[in-house]
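Q: Please take a close look at the largest pocket of this protein, and describe what lines it and the fold around it.

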Amino acid sequence: MMKLTSIKNTLITCTLLFFVIPAVDGGVTENYFARLDKAPLNKHVKQFVKTYIRENRNNLYSIKQRSSSPFIMIDSAFNHFGLPVQLKYLAVVESELKTKAVSKVGAVGPWQLMPKTARILGLKVNKHHDDRKNYYKSTMAAARYLKDLHEEFGDWFLVFAAYNGGEGPVYSAIKKSGSRNYWTLQNYLPEETREYVKKYIATCYYFEGTYNPALLSKTKGSPYSNSSKTLKVFQSVKITAKEMPQVKDETSEERFNRILKESEESLQRSNQALQKNK
């Protein structure tokens with residue numbers, strides 16, 4: 001009787017593990033990609049997405065487990081600016097949502113802003129203080145930057161490419177290809193930038209469970225979409241204080257509080273918790 005009970009318990013344990021392990025292992029099964037096959041993407045991008053998620057599923061799962069608080073703040077900021085909230089996955093690609101993330105070239109914070117760009121966007125960056133590590137301030141700055149880039153390029157994939165590698169290379173690719181369609185001009189962009197865009201698509205698919213360019217048109221206020229603008233005159237673009245829109249002074253987090261309809265104490269607790277993410 002004991003042996004029979006033991007065998008029964010073993011079978012139950014194995015059955016539970018069968019269902020639990022996929023969830024712990026990033027929640028990825030073969031059926032997970034069924035919807036991807038119907039997504040409006042070419043086969044090479046689809047294969048990249050599958051490979052990227054399989055190879056990074058544990059890390060993506062870990063990020064997802066601690067993404068609630070950061071995403072609440074990012075969603076609120078992006079809604080305020082009329083931006084698609086799905087842009088938040090750029091922060092996952094950039095920094096894994098870590099406030100203390102630092103790149104080899106000096107980009108810092110969840111949005112991996114360079115010092116010069118951060119200062120142009122109104123952030124304080126010096127030896128003693130770095131607003132790029134502040135979730136509220138850096139997110140508001142990133143939102144302004146992304147909105148400005150979209151007004152400039154009119155296509156979110158071009159925005160991602162410019163965010164990653166700068167506006168100059170994107171304009172150069174447009175000129176060489178004679179097109180503003182990302183998939184047409186992508187081969188004229190650096191390999192790192194091409195991979196960056198595909199990482200965004202893969203990350204979006206992992207978190208959303210689906211992917212369609214229409215996701216990027218889901219906004220509150222302004223109906224952004226993957227539209228295109230006509231390039232009239234090509235010119236090399238460099239980020240300068242004169243070319244970037246001037247940011248209105250925001251001396252406190254009260255403006256953000258009004259957006260979130262939260263108290264000052266609640267926002268401070270949220271920000272302190274986010275600063276602990278490593």
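A: A pocket here is an open set of grid points where a 1.4 Å probe fits, with protein on both sides within 12 Å along at least five of seven lines. In this predicted model, the largest pocket has a volume of about 980 Å³. Its lining is made up of 38 residues, and those closest to the centre of the pocket are Glu94, Ala107, Gln112, Asn164 and Glu192. Two or more lining residues come from each of the helices α2 (43–65), α4 (89–95), α5 (115–120), α7 (156–165), α8 (167–177) and α10 (191–208). By residue type, the lining of this pocket divides into 18 nonpolar, eleven polar and nine charged residues.

The setting of the pocket is a protein with twelve helices and zero strands, and of its 278 residues, 45% are buried. Among contacts with a separation of 6 or more, 63% are between residues 24 or more positions apart in the sequence. The protein exposes about 15200 Å², of which carbon and sulfur atoms supply 52%.

One of the helices named above, α2, also holds lysine 50, and this residue can be described in its own right. Lysine 50 counts as buried because its relative accessibility is 17%, where the cut-off for buried is under 20%. Leaving aside residues up to four places away in sequence, lysine 50 touches Phe33, Leu36 and Asp37.

Notes. Residues numbered from 1 in each chain as written. Predicted model: local features only at pLDDT ≥ 70, side-chain atom pairs only at ≥ 80, totals over all residues. Heavy atoms only, no water. 1 Å grid on protein atoms, 1.4 Å probe; cavity = no way out; pocket = protein on both sides within 12 Å on 5 of 7 lines; lining within 4 Å. Points joined across faces, edges and corners; volume = space filled by probe spheres on them. Helix = DSSP H or I, 4+ residues; strand = E, 2+ residues; numbered from the N terminus. Nonpolar A, V, L, I, M, F, W, Y, C, P; charged D, E, K, R; others polar. Buried < 20%, exposed > 50% of the residue type's maximum accessible area, 1.4 Å probe, protein only. Contact = heavy atoms within 4.5 Å. Areas by Shrake-Rupley, 256 points an atom, 1.4 Å probe, with all protein chains shown as cover.
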